[in-house]
Amino acid sequence: MLGGAALGLRLRVLRRRLRPRRRRGRRKGPAAEGEGGREPVLLVSGMGGSVLHARRRSDPKFDLRVWVRILFANADFKKYLWSLYNADTGYVEPLDDDVEIVVPEDDHGLFAIDILDPSWFVELLHLSMVYHFHDMIDMLVDCGYEKGTTLFGYGYDFRQSNRIDKAMDGLRAKLETAYKTSGGKKVNVISHSMGGLLVRCFMSMNCDVFAKYVNKWICIACPFQGAPGCINDSLLTGLQFVYGFESFFFVSRWTMHQLLVECPSIYEMLPNPEFKWKEKPIVQVWRKNPEKDGVVELVQYEETDCVSLFQEALRNNELTYNGKTVALPFNMSVFKWATETRRILDNAELPDTVSFYNIYGTSYETPYDVCYGSESSPIGDLSEVCHTVPAYTYVDGDCTVPVESAMADGFAAKERIGVKADHRGLLCDENVFELLKKWLGVRENARVSKSARRCVSRSKVVGVFPEGSC
C-alpha cells in the first residue's frame with residue numbers, strides 16, 4: 001500500500017497530466033513588464049537531486065543515464081555508480097576506470113534537476129517521486145523568468161564532497177553565467193536540502209565571490225546541523241528514496257548503502273557534535289554481552305561514540321564487482337575529510353549585502369534516534385546491525401531533516417518559516433511558491449496561476465521566525 005506522502009505526490013502528478021501543458025519559456029508574467037529586466041534565479045539541487053550520466057572514455061558515443069533510472073535501476077546503478085573514495089584526490093571514483101560520471105548541462109542546467117527520469121515509462125505510470133524541481137520551474141516560468149536568461153539550474157555529482165573543487169568551480173561558473181547573461185544583475189539562489197550545504201561551503205570558501213554575485217539566498221529544507229536518524233542509519237543499513245509500489249522499480253536500500261559508505265557528502269551530513277542539541281541524537285543497540293554470560297544490554301552511542309559502532313559494524317562489509325570482492329569498511333579517510341568540511345561549514349559568515357531566507361518542513365515524523373535489535377531479539381555480532389530493520393525515535397521535521405537542524409542556520413535571516421510539508425513535497429508546495437514569489441517580488445500570469453494552483457500541494461504555514469531568532 002502506498003504511504004500518504006507517496007500517494008499525495010502521485011495524485012498531484014496525475015492532476016498535472018490531466019491539464020494542458022504549460023508552454024515554458026514563452027509567457028512573461030506581469031511582473032516582468034516594464035521593469036527593465038529582473039534578477040536571475042539559480043536553482044541548486046540536493047542529495048540525489050541531479051540526473052547523472054555514465055560515459056565511457058573508450059567510446060565517445062556511449063552516454064547512459066544511470067541516476068535516476070527506473071527500468072534496470074539496480075543493475076545499472078551497481079555497474080556504473082558503485083565507487084571508491086580516493087584519499088589522495090578527495091574524489092569518489094567509479095570501480096570501472098573506463099567510466100566517468102557527468103551531469104548533463106542541457107536547458108541551462110535545468111534538465112538535470114527537473115524530472116530525474118524523463119522516460120516514457122515514468123510518463124505512463126505517473127511516477128511522481130522523480131519530479132524534482134519540475135513544478136517550481138513551471139511556476140517561475142509562469143512568473144516571467146526565461147531559461148538561459150533569468151532562470152538557471154545547478155546539478156552536480158552528489159556523491160562527492162560538498163566542498164570538492166569541481167563542485168565549487170561549477171557553482172562559481174554558474175553564478176558568473178547568470179550574472180553576465182542577465183546584464184550584470186545579482187543572482188537569487190534557491191537551494192534544496194544538501195544543496196544548502198554546498199552553497200554554504202561555497203560562501204565560506206569564496207565569501208567575496210558570493211557577495212559579488214548573490215543578492216538573496218533562499219534555503220529550503222537544509223540539514224544545517226545534520227540529519228541524525230536518516231544519516232546514521234544510512235551508513236549502517238542504507239537509504240531508501242521511495243516506498244510502496246514505486247520501490248519495486250527503484251534502487252534497493254542495500255545497493256544504495258554500498259555506494260553511500262564511500263560518499264563524503266553523506267559523512268558531511270552526520271549530526272554536528274559541536275551543536276548544542278536539545279537532546280543529543282543517539283544510536284542504541286540491544287546486544288548480548290559476552291563478558292556477562294550473554295546478558296542482554298541496551299548499549300548507547302552518542303555522536304562521538306558512533307564512529308566505533310560504524311567501524312565495528314562495517315568491518316566485514318564488502319561488495320562483488322566483475323567477479324572481484326571489494327572491501328567497504330567504514331572509511332576513516334572520508335570521515336576525516338568530512339570533519340574538515342564541518343569546520344568550514346561552521347565558519348561560514350553571511351555577507352552583509354546578501355539577504356537570507358529559510359524555509360523548513362514541519363509536522364512530519366522525522367527519524368532522530370535509531371535503535372537496532374530488541375530485548376527479545378538482541379544483536380550478537382555488531383555486523384548483524386547492517387541487516388537489521390531499524391526502529392526510530394521521531395521528532396518534528398519533514399521526514400528527513402529535523403526542525404531543530406533546519407532552523408539552526410546561524411545567520412541573521414530575514415525570515416524563517418515552517419511549512420507543513422515533507423522533504424520533497426516542499427518543492428511543489430503552494431505555500432512555498434507564495435513565499436518565493438513574495439521574496440522575489442514577482443507574481444504569476446493571471447491566466448495560468450489559478451489552474452496551476454489546483455495541481456500543487458496546499459499546505460499550512462505553521463511558524464514564522466523573525467530576523468536573528470536562532
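Where does D409 lie? D409 is placed in the loop between α13 (403-407) and β17 (415-420). The structure described here is a predicted model. In that model D409 has a relative accessibility of 1%, so it counts as buried, the limit being under 20%. Leaving aside residues up to four places away in sequence, the contacts of D409 are R200, F224, F356, N358 and R416. One of these, R200, returns below in the packing of helix α6.

**Strand β1 and its neighbours**

Strand β1 covers residues 41-44. In a regular strand the side chains alternate between the two faces of the sheet. In β1, V41 and L43 point one way, while L42 and V44 point the other way. All of these residues are buried.

β1 pairs with strand β8 (residues 187-192) in the parallel sense, over four bridges. Within that pairing, V44 has S191 of β8 as its bridge partner. β1 is also joined by four bridges to strand β7 (residues 151-154), and these two strands run parallel. Here the residue opposite L43 is G153 in β7.

**Packing of α6 on α12**

Two packed helices are described by the angle between their axes and the distance between the axes. For helix α6 (residues 195-205) and helix α12 (residues 332-346) the angle is about 70° and the axes are 8 Å apart. Angles of 65 to 115 degrees count as roughly perpendicular, and α6 and α12 therefore fall in that class. On the α6 side the contact is made by L197, R200, C201, S204 and M205. On the α12 side T341, I344 and L345 take part. By class, the contact of α6 with α12 has five nonpolar residues, two polar ones and one charged one.

**Salt bridges**

Side chains of opposite charge can pair when their charged atoms come close. The model has 18 salt bridges in total. Among them are the three in this table.

| Pair | Closest N to O distance |
|---|---|
| R56 and D96 | 3.1 Å |
| E434 and K437 | 3.0 Å |
| E444 and K437 | 2.8 Å |

How many residues apart are R56 and D96? They are 40 residues apart, and the salt bridge links distant parts of the chain. R56 belongs to strand β2 (residues 52-56), whereas D96 sits in the loop between β5 (92-94) and β6 (99-102). Both R56 and D96 are buried.

The pair E434 and K437 lies within a single element, helix α14 (residues 430-440). The two residues are three residues apart, about one turn of the helix. Is E434 buried or partly exposed? E434 has a relative accessibility of 34%, so it counts as partly exposed. K437 has a relative accessible area of 8% and is therefore buried.

K437 also forms a salt bridge with E444. E444 counts as buried because its relative accessibility is 9%. Elsewhere, salt bridges that share partners join R56, D96 and D98 into one network.

Technical notes: Residues are numbered from 1 along each chain as its sequence is written. This is a predicted model: local features need pLDDT of at least 70, side-chain atom pairs count only at pLDDT 80 or more; totals for chains, interfaces and linings use all residues. Side-chain values use heavy atoms; hydrogens and water are left out. A salt bridge is a side-chain nitrogen of Lys or Arg within 4 Å of a carboxyl oxygen of Asp or Glu. Buried means under 20% relative accessible area, exposed over 50%, partly exposed in between (1.4 Å probe, protein chains only). Axes are lines fitted to C-alpha atoms, for helices over the stretch in contact, and angles run from 0 to 180 degrees between N-to-C directions. Angles under 35 degrees count as roughly parallel, over 145 as roughly antiparallel, 65 to 115 as roughly perpendicular and the rest as oblique. Contact means heavy atoms within 4.5 Å. Ala, Val, Leu, Ile, Met, Phe, Trp, Tyr, Cys and Pro count as nonpolar, Asp, Glu, Lys and Arg as charged, and the others, Gly among them, as polar. Two strands pair if DSSP finds at least two bridges between them.
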